[in-house]
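Welcome, and please open the structure in your viewer. We will go through a few selections together, one stop at a time.

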Amino acid sequence: MLFASLSAPLQLLDNASLAWGLAACGLAQLSKLFIELVTQRRWRPQVLIETGGMPSSHSALVTGTAAAVGWLNGFDSPAFALASTVAFVVMYDASGVRRAAGFTAERVNALPSNLWDPSPDKPLKERLGHSRLEVLVGSLLGPAIALPGIVFVGSPLHLAHVLSQAFG
């Protein structure tokens, strides 16, 4: 923490672990737009708010945050142990439970609509989880964004302080 006596909202801006974890998540989600453009040859901004796909932004978020916590608090700290445990649960859930729920939704949507009374207004969402490769890429992207961000930039509040000093 750069500034010890900050108000709670400003303390959030001084939390480099949170900031860089969120940056990793956002960059992973943004990359889906370009991956869609390259692989499907279409511009679909909807991917920015969809779940699933390459890479897993949830995996980038939790591994980026965990790596940042480890870097700042020590890889032997209880905070890093907790962050890592949460990361493993999220990644397991994304490639297991949520992926299975998507496959189930796909099968339910394939059933004839006359089985339902009343008929559903819209089909169930099928793209919920991730393949193991999507989770792996997201989990590598998180620390690759968060650790250089912490080392070279610091927290958003630190960056604002440096910029205000530089540009007066």
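This tour visits a helix, a loop residue and a surface patch in a predicted model.

**Stop one: helix H5.** Select residues 97-110, the 14 residues of helix H5. From first C-alpha to last, H5 reaches 20 Å, close to the 20 Å expected at 1.5 Å a residue. Now show the side chains: which residues of H5 are buried? They include Arg98, Gly102 and Ala105. These residues lie on the same side of H5, because they cover an arc of only 60 degrees around the axis. To see what covers the buried residues of H5, add helix H3 (57-73) and helix H4 (78-95), which are both part of that cover. Then turn to the face of H5 that points away from its buried side, where you will find the exposed residues Val97, Arg107 and Ala110.

**Stop two: Arg127.** Move on to the loop between H5 and helix H6 (132-152), and pick Arg127 there. Arg127 counts as partly exposed, because its relative accessibility is 41%. Leaving aside residues up to four places away in sequence, Arg127 touches Arg44, Glu50, Thr51, Gly52, Gly53 and Met54. For a link back to the helix, draw a C-alpha to C-alpha distance from Arg127 to Glu106: they are 8.7 Å apart in space and 21 residues apart in sequence.

**Stop three: a nonpolar patch.** Switch on the surface and select Leu27, Leu30, Phe34, Leu37, Val38, Trp43, Leu48 and Ile49. Together they form a nonpolar patch with about 790 Å² of accessible area. Finish on Leu27, which sits in helix H2 (residues 16-40). With 43% relative accessibility, Leu27 counts as partly exposed.

Technical notes
Residues numbered from 1 in each chain as written. Predicted model: local features only at pLDDT ≥ 70, side-chain atom pairs only at ≥ 80, totals over all residues. Heavy atoms only, no water. Helix = DSSP H or I, 4+ residues; strand = E, 2+ residues; numbered from the N terminus. Expected span 1.5 Å × (residues − 1). Buried < 20%, exposed > 50% of the residue type's maximum accessible area, 1.4 Å probe, protein only. Arc of directions from axis to C-beta. Contact = heavy atoms within 4.5 Å. Patch = residues over 30% accessible without salt bridge, like charges linked within 9 Å, V, L, I, M, F, W, Y side chains within 5 Å. Areas by Shrake-Rupley, 256 points an atom, 1.4 Å probe, with all protein chains shown as cover. Salt bridge = Lys/Arg side-chain N within 4 Å of Asp/Glu carboxyl O.
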